[in-house]
Amino acid sequence: MDTVRTAVVTGSNSGIGLAIAEAFAGVGHNVVLNSFTDSKEDHALAAEVGKKHGTGAAYIKADMTKPEECRQLVEKAAEQFGSVDILVNNAGIQHVAPVEAFPIDKWDAIIAINLSSAFHTTAAAIPHMKKASWGRIINIASAHGLRASPFKSAYVAAKHGIVGFTKTVALELAEHGVTCNAICPGYVLTPLVEAQIPGQMKAHNMDRETVVREIMLAKQPTKKFVTVEQVGALAVFLASDAAASINGTPVSIDGGWTAE
Ligand code: NAD
């Protein structure tokens, strides 16, 4: 295996972020879990991941709507583990509404969490990575970083924005042993998506299987959800030495959605 690294994953007490943290711990890296809460459960979750895989693990609270907390997350992780080698910008939220009725506070929160937080954490991580002449920055974008859907203006804008940010960071750091790439998942069955199924069943008067196939996975040619484990494995690969030449690119993991 590659050298033991320290990976910070934003928004990782649930869903894709947690699976990515698990995947890094699974290959022996130290992991820092994060969200905006600071509960006993959050800290227990990190301890459990560390214990299960025999790696260093910590939970550090930081609200990704707050620039200073984004930057402090990186500094606290570096203090605790000696470095931040891998940064995964994963925290994200969604809101669905037509543009003319889109609530201003929801627009601001989506841009802050899904886009600006990555600017702040990345800016804080770069000096550590330059010093080590090695680093991996992985931004969890979305198929919506490459394609639009109606009623998701803030999300699509933020995800397209993070793909552009990814390319710029990649160019700036290419000679420092640091890569920056975006992962663009299609629909992933996380608790967030799972929770929408009963409502859709009721709204469309369909059974679970039909809702998943005809409504949720309408754009996903495989008609299967991407799994969180698949996204975790892709992140581990992008962070490996074998992926040193993959730089500045959106990597799709969407069952063929963006092939159309
Ligand atoms: P999720 O709701 O399970 O996870 C989101 C995480 O972000 C949680 O840990 C949450 O606590 C954290 N978070 C929210 N607001 C935060 C804040 N202010 N500060 C810090 N952390 C905060 O959802 P998920 O589906 O696992 O989404 C993770 C990422 O993957 C998001 O960026 C999302 O846009 C992206 N994504 C998801 C899908 C999907 O189908 N589930 C598809 C493509 C991209």
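**Note on a predicted model: helix crossings, the sheet and selected residues**

1. Helices α3 and α4 cross in a right-handed sense. The model is a predicted one, and in it the axes of α3 and helix α4 (residues 104–132) come within 8 Å of each other while crossing at roughly 30 degrees. From the side of α3 the meeting residues are P67, C70, R71, V74, E75 and A78, and from the side of α4 they are S117, F119, H120, T121, A123, A124, A125 and H128. Sorted by class, this contact of α3 with α4 comprises eight nonpolar, four polar and two charged residues.

2. A residue of helix α3 (residues 67–81) that deserves its own remark is E69. Is E69 buried or exposed? Its relative accessible area is 19%, and because the cut-off for buried is under 20%, E69 counts as buried. Apart from residues up to four places away in sequence, E69 touches K61, A62 and D63. Its C-alpha atom is separated by 9.5 Å from that of F36, although the two residues are 33 apart along the chain.

3. The second pair of helices to look at is α1 and α9. Two packed helices are described by the angle between their axes and the distance between the axes. For helix α1 (residues 15–26) and helix α9 (residues 228–238), the angle is about 50 degrees and the axes lie 8 Å apart, and the two helices are therefore oblique to each other. The crossing of α1 and α9 is right-handed. On α1 the contact is made by G15, I16, A19, I20, A23 and F24, and on α9 by V228, V231, G232, A233, A235 and V236. Among the residues of this contact of α1 with α9, 10 are nonpolar and two are polar, while no charged residue takes part.

4. Residues from both of these helices also meet T190, which is found in the loop between β6 (178–185) and α6 (191–194). If neighbours within four places in sequence are left aside, T190 is in contact with G15, I16 and V228, and G15 and I16 belong to the α1 side of the contact with α9, whereas V228 belongs to the α9 side. With a relative accessibility of 10%, T190 counts as buried.

5. The strands form an open sheet of seven, in the order β3-β2-β1-β4-β5-β6-β7, with parallel pairing. At the edges stand β3 (57–61) and β7 (250–253), and each has a single partner strand, so one side of each is left without a neighbour in the sheet. From one strand to the next, the twist averages 20 degrees.

6. Helix α1 packs on this sheet, where it touches β1, β2, β4 (86–89) and β5, and its direction makes about 170 degrees with that of β2. Another helix, α5 (residues 153–173), lies across β5, β6 and β7 and runs at about 160 degrees to β6.

7. Within the sheet, strand β1 (residues 6–9) can be followed residue by residue. In a regular strand the side chains alternate between the two faces of the sheet. In β1 both faces are covered, with T6 and V8 buried on one side and A7 and V9 buried on the other. The strand runs parallel to strand β2 (residues 30–35), to which it is joined by three bridges, and the partner of T6 in β2 is N30.

8. Further along the sheet, strand β5 (residues 135–140) and β6 run parallel and are joined by six bridges, with I140 standing opposite I183 in β6. What does T179, which has its place in strand β6, touch beyond the residues up to four places away in sequence? The answer is G135, R136, I137, L238, A243, A244, I246 and N247. T179 is buried, its relative accessible area being 5%.

9. A last residue, S39, lies in the loop between β2 and α2 (40–53). With a relative accessible area of 26%, S39 is partly exposed. Between the C-alpha atoms of S39 and P150, which are 111 residues apart along the chain, the separation is 36 Å.

Conventions:
Residues numbered from 1 in each chain as written. Predicted model: local features only at pLDDT ≥ 70, side-chain atom pairs only at ≥ 80, totals over all residues. Heavy atoms only, no water. Axes fitted to C-alpha atoms, helices over the stretch in contact; angles between N-to-C directions. Helix = DSSP H or I, 4+ residues; strand = E, 2+ residues; numbered from the N terminus. Parallel < 35°, antiparallel > 145°, perpendicular 65-115°, else oblique. Left-handed = near helix turned anticlockwise from the far one by under 90°. Contact = heavy atoms within 4.5 Å. Nonpolar A, V, L, I, M, F, W, Y, C, P; charged D, E, K, R; others polar. Buried < 20%, exposed > 50% of the residue type's maximum accessible area, 1.4 Å probe, protein only. Pairing = 2+ DSSP bridges.
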